[in-house]
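Biologist: Please take a close look at one part of this model, the charged side chains, and say where they sit and what they meet. A first-year student should be able to follow the answer.

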Amino acid sequence: MEYRTFGNHYVLRIDKGEEVLASIEKLCRAEEIRVGSAVGLGACDRVTVGLFDTVNKVYKKNTFTGPMEISSLVGNISTKEGEPYLHFHINVCNEENQILGGHLNECYISATGEITVTKIEGCIEREMSEEIGLNLYKFL
């Protein structure tokens, strides 16, 4: 991964073989980003996405492999117990141009990933909601 800073924006290039969330987390740690948002696109060859089952309060995950375009990557950045907490969703298309997507668990770049992260001043923590089964924003 390589990146450049433009004010409160960070433009990342994620290289072949690198994992998207790990790269963004590395940036967050290096630049002390505690609140932010991100958008991106690129190409990948392995992605794991999930769908949250609201009844059983668990993510159902699926892994897809093969050549895919990242047609949309969106997410937010907050913290949980002071550590970076990334919440991202992704849409990818396969060779038949079928769209697959959901909550992003991991995504490995096959050519390049182009991500723009916007840093927001402040801090938003996450806290587990037993009722919902997710780590929700806890405004301090």
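Modeller: Arginine 13 is a good place to begin: this residue is partly exposed, with a relative accessible area of 38%. The label applies because partly exposed covers values from 20% up to 50%. Keep in mind that the model is predicted.

What does arginine 13 meet? Its partner in a salt bridge is aspartate 15, and the closest N and O atoms of the two are 2.7 Å apart. Aspartate 15 is also partly exposed, at 26% relative accessibility.

Another bridge lies between the side chains of glutamate 2 and arginine 4, with 2.9 Å from N to O. Glutamate 2 counts as partly exposed at 34% relative accessibility, and arginine 4 is partly exposed with a relative accessible area of 47%.

A further pair is lysine 80 and glutamate 81, whose closest N and O atoms are 3.9 Å apart. This pair counts as a salt bridge because 3.9 Å is within the cut-off of 4 Å. Lysine 80 is partly exposed, with a relative accessible area of 26%, whereas glutamate 81 counts as exposed at 69% relative accessibility. Returning to the earlier residues, Glu2, Arg4, Arg13 and Asp15 belong to one network, joined by salt bridges that share partners. The structure holds nine salt bridges, and the three described here are among them.

Now to a charged residue without such a partner. Lysine 119 lies in strand β6, which covers residues 99-119. Lysine 119 is buried yet has no salt bridge. Why does glutamate 121 not serve as its partner? Glutamate 121 is the nearest side chain of opposite charge, but it is 4.4 Å away, and a salt bridge needs a nitrogen within 4 Å of a carboxyl oxygen, so the pair is not counted. The side chain of lysine 119 does reach the backbone oxygen of glutamate 31, at 3.3 Å.

Leaving out residues up to four places away in sequence, lysine 119 touches Asn8, Tyr10, Glu31, Glu32, Ile33, Val35 and Gly36. One of these, tyrosine 10, is buried, with a relative accessible area of 4%.

Tyrosine 10 leads on to the aromatic rings. With ring centres required to lie within 6.5 Å, the count comes to three aromatic pairs. One of them joins tyrosine 3 and tyrosine 10, at 6.3 Å centre to centre and with 65 degrees between the planes. The pair is edge-to-face because planes over 60 degrees apart are given that name. Tyrosine 3 is partly exposed, with a relative accessible area of 22%, whereas tyrosine 10 is buried at 4%.

Finally, the setting of these residues. The protein chain has one helix and eight strands, and along the sequence they follow the pattern β-β-α-β-β-β-β-β-β. Of its 140 residues, 39% are buried. The radius of gyration is 15 Å, which agrees with the value near 14 Å for a compact globule of 140 residues. Along the principal axes, the C-alpha atoms fill a box of roughly 45 × 45 × 20 Å. Among contacts between residues at least 6 apart in sequence, 62% join residues at least 24 apart.

Key:
Residues are numbered from 1 along each chain as its sequence is written. This is a predicted model: local features need pLDDT of at least 70, side-chain atom pairs count only at pLDDT 80 or more; totals for chains, interfaces and linings use all residues. Side-chain values use heavy atoms; hydrogens and water are left out. Rings of Phe, Tyr and Trp (its six-membered ring) pair if their centres lie within 6.5 Å; planes under 30 degrees apart count as stacked, over 60 as edge-to-face and the rest as tilted. Buried means under 20% relative accessible area, exposed over 50%, partly exposed in between (1.4 Å probe, protein chains only). Helices (H or I, at least four residues) and strands (E, at least two) are DSSP runs, numbered from the N terminus. Lys and Arg count as positive and Asp and Glu as negative; His and the chain ends are not counted. A polar contact is a pair of N or O atoms within 3.5 Å; within protein, one must be able to donate a hydrogen and the other to accept it, and residues adjacent in sequence count only if both atoms are side-chain atoms. Contact means heavy atoms within 4.5 Å. The radius of gyration is taken over C-alpha atoms; the globule rule is 2.2 Å times the number of residues to the power 0.38.
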